[in-house]
Amino acid sequence: MAALIDPMAAGPEIVDIRDLAGRELDPLLLEETVEWRRELDWDFGRSADLVHQFADMRALMGYALVDRGEVAGYGYSVLEEQKGLIGDLYVRPQWRNGQNEIRLLRTILDGLTATRNVRRVESQLMLVDPSVGRALQRERFVKVQERMLMKLDTTNHPALPRSAAMRRFHVEPWVERHYDMAAGVIAMSYGEHVDSQINDQYRTVAGARRFIYNIVQFPGCGTFFRQGSFVAFDPATGRMAGIALVSFVADDVGHITQLCVTPEMQGRGLGYELLRESINALRMHGARRISLTVTGLNEAAIRLYKRCGFLDVRHFLSYVWEG
C-alpha cells in the first residue's frame, strides 16, 4: 500500500483505495451495514456488495484509513462530467474521533478539486457528524446545509384522510412515459428552491431526468417501488402538476425519494394527497416504517411531514464545493 504523506496528522495512514482488495474492506463494510440498519433503518447490503465488487476491480476512486494493516475507514467518489460526487464516507466506531473523519473527507475533497475540469463537488453523508462538515466549511470553503431524516411508524398511525384536493387533480400511478414530464415538474419546482443549491440536477430538465433515472434504475438508491409512486395532472390544462417517487430501502422500510408540486399548484393540498397515496401504498405492501429527508430551511415541507406523523430523528449535512 502506498500511503499518502500527511504531515499535519498522526494516526492511521491514508492510502489510495485502489490499493485495497474487496476482502480487506469486508470487516468495515459489515460494521457499516449494521450501523445503517440500526441508525437509519436502511439495508446497506447491496451497496456494500457493489463496493466490494468495484474494489476487486480496482475501479473505486477514493481513499481509506489503514491502521496497522486494518482498514479503519474509507470514502469513495465518482465523476459526472464537471462534477464530483462523494458517494460514501465511513469510519469505524473504534477509530471515530472527529479528526480521522476530517482527514479522510479533506483528502477525498482535495483529490476531486484538483481533478481537471471538476468545477463542483456534492455530497450528503448521513452517518458523518455535522461537526466534520463545519470544520471543512472553515478550511476548504465548503457550503453546508442542515438536512433532517424523518420517519413515520405506520403501525402507530391510522390511514390519512382524503382532502378536497382529490377532486381538483387526477392522480395516477407512475409509468415509463412520465419521465420527461416529471423531469419538467422537478425543474420548475426547484428553480429558486434551496434544494437546487444542494443538488444541481434539480436546475434543468436534463439533470432532473438523470436524477429520476438513478432513482428508478439503481439499487444504491433503494429498490424503486412503482406501485407507490404517483403523478398528478391538472385536468383543466392537462399538465402534470406534481410527483411522488418512493423506494423500499429495506424489506419493511419505505422511503419517499421525491415529492414536489409545481409552483402554481402549491398551497392547494396536492403535496398532502400525493404523500398520502404513497404512504398508503407502502403500508399495504408491508412498510412498517417510512422515511424521508428534508432540508432544514424547507419549513413548509417540514410542517406537512409533521402533520402526516413524521418525526425528526437525525440531523446531518449536505456539502457543496464550487470552484
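Here are some worked exercises on the predicted model above.

This is a predicted model, where local features need pLDDT of at least 70 and side-chain atom pairs count only at pLDDT 80 or more, while totals for chains, interfaces and linings use all residues. Residues are numbered from 1 along each chain as its sequence is written, and side-chain values use heavy atoms, with hydrogens and water left out.

**Exercise 1. Work out which stretch has pLDDT below 50.**

Step 1: Start with the whole chain. Its mean pLDDT (the predictor's confidence in each residue, from 0 to 100) is 93, and 96% of the residues reach 70 or more.

Step 2: Now find the dip. Residues 1–8 have pLDDT below 50, and this stretch has 18 contacts in the model beyond near neighbours in sequence. Contact means heavy atoms within 4.5 Å.

Step 3: Decide how to treat it. Where pLDDT is low, the predicted coordinates should not be read in detail.

**Exercise 2. Find the residues that touch the most other members of the largest nonpolar core, and see which elements build this core.**

Step 1: Get the term straight. A nonpolar core is a set of buried Ala, Val, Leu, Ile, Met, Phe, Trp, Tyr and Cys residues joined through side-chain atoms within 4.5 Å. Buried means under 20% relative accessible area, exposed over 50%, and partly exposed in between (1.4 Å probe, protein chains only).

Step 2: Pick out the hubs. The largest core has 34 residues, and L275, Y305 and F310 touch the most other members.

Step 3: Trace the elements. Among those that give at least two residues each are β7 (143–153), α9 (270–284) and α10 (299–307). Helices (H or I, at least four residues) and strands (E, at least two) are DSSP runs, numbered from the N terminus. The largest share, seven residues, is from α9.

Step 4: Zoom in on one hub. Leaving aside neighbours within four places in sequence, Y305 contacts M150, L259, L275, L292, V294 and F310.

Step 5: Look for another core. A second, separate one has 27 residues, including I17, W42, A48 and A55.

**Exercise 3. Is L152 buried or exposed, and what does L152 contact?**

Step 1: Place the residue. L152 sits in strand β7.

Step 2: Check the accessibility. L152 is buried because its relative accessibility is 2%.

Step 3: List the partners. Setting aside neighbours within four places in sequence, L152 contacts H157, I279, R288, R289, I290, C308, G309 and F310.

**Exercise 4. Compare D41 and E81, two non-glycine residues with positive phi.**

Step 1: Take D41. Its phi is about 70°, and D41 lies in the loop between α1 (22–40) and α2 (45–56). At 9% relative accessibility, D41 is buried.

Step 2: Take E81. Its phi is about 55°, and the loop in question runs between β4 (70–80) and β5 (83–91). At 69% relative accessibility, E81 is exposed.

**Exercise 5. Describe the lining of the largest cavity.**

Step 1: Define it. On a 1 Å grid over the protein atoms alone, a cavity is a set of points where a 1.4 Å probe fits but cannot get out, and lining residues have an atom within 4 Å of a point.

Step 2: Get the volume. The largest cavity holds about 60 Å³ of space.

Step 3: Name the lining. I86, L105, L109, V121, S123, L136, V142, Y319 and W321 line this cavity.

Key. On a 1 Å grid over the protein atoms alone, a cavity is a set of points where a 1.4 Å probe fits but cannot get out, and a pocket is an open set with protein on both sides within 12 Å along at least five of seven lines; lining residues have an atom within 4 Å of a point. Grid points are joined across faces, edges and corners, and a volume is the space filled by probe spheres set on the points.
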